[in-house]
Amino acid sequence: MPIQVVSTGVAFLMVPLKSLELVKKAEMNRPEIRKLLKSLELNAMLVSAPEGFTPEGDIFSRLMDPDNAGEDPYTGSATGCMGSYLYHYGVITNPQMRCEQGHLLAGLEGE
């Protein structure tokens with residue numbers, strides 16, 4: 001799937017990755033991400049994989065916002081964009097999905 005700007009009211013850059021392991025390994029290079037997002041007139045990007053962090057999850061995501069002090073544990077606006085994006089490209093066929101985010105923040109790795 002393409003890297004693409006998606007908006008359902010607030011725009012985000014959708015960055016799909018093939019696996020949960022790649023999302024776990026993603027690092028935020030703040031200067032480069034800031035430069036990219038500024039060129040697109042955006043504030044953040046959502047890095048996602050079409051698999052859950054837990055067996056119950058369908059999608060796992062991480063919000064990359066180079067101007068935020070830390071990773072956001074939950075972003076409803078970006079998740080709505082991601083759901084629309086994944087449905088559009090046929091990754092999900094049911095308009096309902098279980099989205100997971102925040103598991104990689106300090107103290108939550110095992111949950």
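Helices and strands are DSSP runs, numbered from the N terminus. The model shown in these views is predicted.

**View 1. Glu100, a buried acidic residue in strand β5****.** Strand β5 spans residues 99–101, and Glu100 lies within this strand. Glu100 is buried but takes part in no salt bridge. Its nearest side chain of opposite charge belongs to Arg98, 4.6 Å away. Because a salt bridge needs a nitrogen of Lys or Arg within 4 Å of a carboxyl oxygen, the distance of 4.6 Å to Arg98 does not qualify. A polar atom of the Glu100 side chain does lie 2.5 Å from the backbone nitrogen of Phe53.

**View 2. The residues that touch Glu100****.** Leaving aside residues up to four places away in sequence, Glu100 touches Gly52, Phe53, Thr54, Gly57, Ile59, Phe60 and Ser61. One of these, Phe53, also supplies the backbone nitrogen found 2.5 Å from a polar atom of the Glu100 side chain.

**View 3. A salt bridge inside helix α1, between Glu21 and Lys24****.** Two salt bridges are found in a search of the whole structure. In this one, the side chains of Glu21 and Lys24 meet at 3.4 Å, N to O. Both residues belong to helix α1 (residues 20–25) and are three residues apart, about one turn of the helix. Glu21 has a relative accessibility of 42%, so it counts as partly exposed. Lys24 is also partly exposed, because its relative accessible area is 31%.

**View 4. A salt bridge between Arg34 and Asp67****.** The side chains of Arg34 and Asp67 meet at 2.8 Å, N to O. This pair links distant parts of the chain, with the two positions 33 residues apart in numbering. Arg34 sits in helix α2 (residues 30–39), while Asp67 sits in the loop between β4 (59–64) and α3 (76–88). The relative accessibility of Arg34 is 36%, so Arg34 counts as partly exposed. Asp67 has a relative accessible area of 59% and is therefore exposed.

**View 5. Glu41, a residue with a positive phi****.** Most residues other than glycine have a negative phi. Glu41 is not a glycine, yet its phi is positive, at about 60 degrees. Glu41 is placed in the loop between α2 and β3 (45–49). With a relative accessible area of 75%, Glu41 is exposed.

Conventions
Residues are numbered from 1 along each chain as its sequence is written. This is a predicted model: local features need pLDDT of at least 70, side-chain atom pairs count only at pLDDT 80 or more; totals for chains, interfaces and linings use all residues. Side-chain values use heavy atoms; hydrogens and water are left out. Helices (H or I, at least four residues) and strands (E, at least two) are DSSP runs, numbered from the N terminus. Buried means under 20% relative accessible area, exposed over 50%, partly exposed in between (1.4 Å probe, protein chains only). Lys and Arg count as positive and Asp and Glu as negative; His and the chain ends are not counted. A polar contact is a pair of N or O atoms within 3.5 Å; within protein, one must be able to donate a hydrogen and the other to accept it, and residues adjacent in sequence count only if both atoms are side-chain atoms. Contact means heavy atoms within 4.5 Å.
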